[in-house]
Amino acid sequence: MGRRRAPELYRAPFPLYALQVDPSAGLLIAAGGGGAAKTGIKNGVHFLQLERIDGRLSASLLHSHDTETRATMNLALAGNILAAGQDARCQLLRFRTHQQKGKNKAEKAGSKEQGPRQRKGAAPEEKKSGAETHQEGVEFSVENLQAVQTDFSPDPLQKVVRFNRDNTLLATGGTDGYVRVWKVPTLEKVLEFKAHEGEIEDLAMGPDGKLVTVGWDLKASVWQKNQLVTQLHWQENGPTFSNTPYRYQACRFGQVPDQPAGLRLFTVQIPHKRLRQPPPCYLTAWDGSTFLPLRTRSCGHEVISCLSVSESGTFLGLGTVTGSVAIYIAFSLQRLYYVKEAHGIVVTDVAFLPEKGRGPELLGSHETALFSVAVDSRCQLHLLPSRRSAPVWLLLLLCVGLIVTTILLLQSAFPGFL
């Protein structure tokens, strides 16, 4: 039996590092590039239209935005505004989609070809800043807004961008260990403080103004503005390896399903140093108010590279440095889906199809869909089949029908059976 494969949804002309999904328009946004080196590899942000064609989820290139010499390494989405981490700075982009008038249904229907495809009439060259794309009755434009330097180390690199819950603030972190918070869309700085000695690996913004940061100094810290509230200590209630230091690789807030006010924090812990026989990595769920650990579970010996939480807080998505992709149930931290070396090289980002907007329409009969991108320039689709069992009343009805059928057969075979 061959190795399990995930469908390839799209292949870009450059390495992919970041991924976002716009649920209202059904857009998949993938970004990356070759950087400033003169290798001929472009840098850009690609906007892909998600559609269901013949019962299958498909993606087609709607617009290609050229980012010149800057590769986009991380993305955050707030409505129709993108925050793109590019080298030492953050660039805000605004995109707009309009349906052109006067197009007939045949023109709007598009090609029925499945799989990765470019829409009719798409220009081979990438579009410049502010350019518009007119394809199949869709008018699409991208505008460069404000840009600001967000990292000031000797070798600066912004590693993470996150919007707050109401999209009024943007937090950034990078190699200099500082958290900086900016107003949106002016990018006026409102807060700056030293959060870690060394690089900030990830950060998450909570609904109550709290901020969680994880860094290469092996610490995970909870902040209220620039004041330290607490630090996370996962090993005190879990496995302990005296000779194996762990660091926090990722952190994400997620809702508690069926509890509108409930909140969980999820973190990934990986060995700080690469070992010949690597110890396991770990997933931990934390109470979102007290920041006490709820449960910790091993997620295998492959080093985790990225983490995502589904919109409802039901699922966790993981990518690894060896290219594997997995989906976990958030409540129990049990693995539901796994494809070994789906990409064959480091998975740089994963994102779930949102459960609002066009999400249910695009998802079809599946329970969830996870997208993954990697340095191999590919975007892959990971579908989790529905685990929902038949309702109890239907099972009872089937049992009654089976009993009645059996009795009738026995009566016909043995008159006077009852």
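A salt bridge is counted here when a side-chain nitrogen of Lys or Arg lies within 4 Å of a carboxyl oxygen of Asp or Glu. By this rule, the predicted model holds 18 salt bridges. A few of them make a good starting point for a first look at the structure.

One of these contacts joins Glu-8 and Arg-11, whose closest N and O atoms are 2.9 Å apart. Glu-8 is partly exposed, at 28% relative accessibility, and Arg-11 is likewise classed as partly exposed, with a relative accessible area of 49%. A second salt bridge connects the side chains of Arg-96 and Glu-143, with an N to O distance of 3.5 Å. This pair ties together distant parts of the chain, since Arg-96 sits in strand 8 (residues 89–99) and Glu-143 in strand 11 (residues 138–149), 47 residues apart. Arg-96 is partly exposed, at 36% relative accessibility; for Glu-143 the value is 33%, and this residue too counts as partly exposed.

The salt bridge between Asp-176 and Arg-180 has an N to O distance of 2.9 Å. Are its partners buried or exposed? Residues under 20% relative accessible area count as buried. Asp-176 has a relative accessible area of 11% and is therefore buried, and Arg-180, at 3% relative accessibility, is buried as well. Elsewhere, salt bridges with shared partners bring Glu-8, Arg-11, Asp-376 and Arg-378 into one network.

Asp-176 and Arg-180 also fall within a stretch that carries an annotation. In an unreviewed entry, UniProt lists residues 161–192 as "repeat: WD". In the model, this span is 59% strand and 0% helix, and its end C-alpha atoms lie 14 Å apart.

Strand 12 covers residues 158–163, and five of its six residues are buried. Its antiparallel partner is strand 13 (residues 169–174), to which strand 12 is joined by five bridges. Within this pairing, Gln-158 stands opposite Gly-174 of strand 13. The two strands form a hairpin with five residues between them, and Asn-167 there adopts a positive phi near 65°. As a general guide for viewing such elements, side chains in a regular strand alternate between the two faces of the sheet.

Further along the chain, four strands make up an open sheet in the order 20-21-22-23, with antiparallel pairing. Its edges are strand 20 (246–256) and strand 23 (293–298), each of which pairs on one side only. Neighbouring strands of this sheet are turned against each other by 20° on average, with direction ignored. Inside the sheet, strand 21 (residues 259–271) and strand 22 (residues 282–287) are paired in the antiparallel sense over six bridges. Gln-269 has Tyr-282, in strand 22, as its bridge partner.

A final point concerns another annotation from the record. The unreviewed UniProt entry lists residues 313–331 and 392–414 under "transmembrane region". What is the helix and strand content of the chain over residues 313–331? The model gives 0% helix and 58% strand for residues 313–331, and the end C-alpha atoms of this span are 9 Å apart. Such annotations may be inferred rather than shown by experiment, so the listed label and the predicted strand content are reported here side by side.

Technical notes. Residues numbered from 1 in each chain as written. Predicted model: local features only at pLDDT ≥ 70, side-chain atom pairs only at ≥ 80, totals over all residues. Heavy atoms only, no water. Pairing = 2+ DSSP bridges. Axes fitted to C-alpha atoms, helices over the stretch in contact; angles between N-to-C directions. Buried < 20%, exposed > 50% of the residue type's maximum accessible area, 1.4 Å probe, protein only.
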